[in-house]
Amino acid sequence: MVVEKRFISNDGTQRFLLRLQDGDFIESVLIPRHDRTTICISSQVGCGLGCAFCLTGQLGFTRDLTADEIVSQVLLMLTDAASRFSVVFMGMGEPLQNYDSVMRAIRFMHDDHGFRLPMSRITVSTAGLVPGIERLAGEAIFPNLSVSLTGVTNRSRDVLMPINRKYPIEAVIDSVRKLPPPRQKRVMFECVMIKDLTDSIDDAETLSRLLRGMRVKVNLIPLNTAEEIPFQRSDRETILRFQESLVRNGTATFIRQNRGADVSSACGQLKNRIRVGSAL
Ligand code: SF4
C-alpha cells in the first residue's frame, strides 16, 4: 500500500488517497485535535450499500479489505499522528459486512503486541446490519459502536438507506437494546440532518420514543452537501431545536463539527477524488 496523494485541509485534516497492491484505491483521513488525533479508516474498496446521501455509495462495492490492509492504513498515518490517537471505521465501506477481517484488525490494534489501543479508542460505524451487531455483542472485546440511523422513520430511511428494507429501524434499535448496559453505554446513534427530510420536531420526538430507557448517545451530523447528492443541509436553528428536544427527553445529544470538507474528507464524501484541495 502506498500513498498516491495527500490532501491537506485548511483546518489541518488530511485526506490520504492510498493505492493497494492490486491497483485499487481507498481513502483514509487523519483528523488532528488539540488533545489527540483521530484516524478514520476504510474497511472495503467502495461500498455496496448505496446510501443516497453518500458519495462512497455511488462507487459501488469492489472488494473487502484484508486485516493487513486495514491495519496498514493506521501504520501509514501514525507518522503524522500524535502519540494519543483513536481509530474510527468511518471511511469507505460497511465494516460489519467485512466482519472477520475488521475484528482481526481490531484485535491486533488492541493487543499488547500490536498498538495497545484501549477498546474505548476504537469505534466501528455501521449502517445498521442487525446480524453484525448481534455477532459483535457476543465478542469478548467490544469497541465503541456508532449506528447510522440517518433518518428516524422507516419512510425516510427507505429513501436514504436501501438496507432499511432488510433491517428496519425498530430491528436495529432492538439489537442495541439487547446489549448489556456497559456495552449499550458505548453506542452512539447518528442522524444526518437533511432539510425537510430528517430534521422535524416530530422526528426528534419519534427518536426519543424509540430510545426510551436506553443509555445511548445521539450525534447529529449536518449533511455534507455535494453536486451529486440531491439533498440540502438543515439550517443551524433547526438542528439546535432537534437537539433541544432530545435533551429535554433525557438523551445526551451532540452536534458533530464538520472537518476537512474543503478536501472532500468529511463524512460521506470519500470518492477517490484526486483533484480537490491542495495535494502533496
Ligand atoms: S454511508 Fe456508509 S454504508 Fe452507506 S454507502 Fe456510504 S460508506 Fe456505505
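Q: Which classes of residue make up the shell around the ligand?
A: A residue counts as near a molecule if one of its heavy atoms lies within 4 Å of it, and Ala, Val, Leu, Ile, Met, Phe, Trp, Tyr, Cys and Pro are classed as nonpolar, Asp, Glu, Lys and Arg as charged, and the others, Gly among them, as polar. In this predicted model, where local features need pLDDT of at least 70, side-chain atom pairs count only at pLDDT 80 or more, and totals for chains, interfaces and linings use all residues, the shell has 5 nonpolar, 3 polar and no charged residues. Among them are Cys47, Cys51 and Cys54. Residues are numbered from 1 along each chain as its sequence is written, and side-chain values use heavy atoms, with hydrogens and water left out.

Q: How many salt bridges does the whole structure hold, and how should one be read?
A: Side chains of opposite charge can pair when their charged atoms come close. The criterion is a side-chain nitrogen of Lys or Arg within 4 Å of a carboxyl oxygen of Asp or Glu, and a search of the whole structure finds 10 salt bridges. One of them joins arginine 63 to glutamate 69 at 2.9 Å, N to O, and a network of salt bridges links Asp22, Asp24, Arg63 and Glu69.

Q: Which side chain of opposite charge is nearest to aspartate 203?
A: Buried means under 20% relative accessible area, exposed over 50% and partly exposed in between, with a 1.4 Å probe and protein chains only. Lys and Arg count as positive and Asp and Glu as negative, while His and the chain ends are not counted. Aspartate 203 is buried yet has no salt bridge, and the nearest such side chain, arginine 155, is 5.3 Å away.
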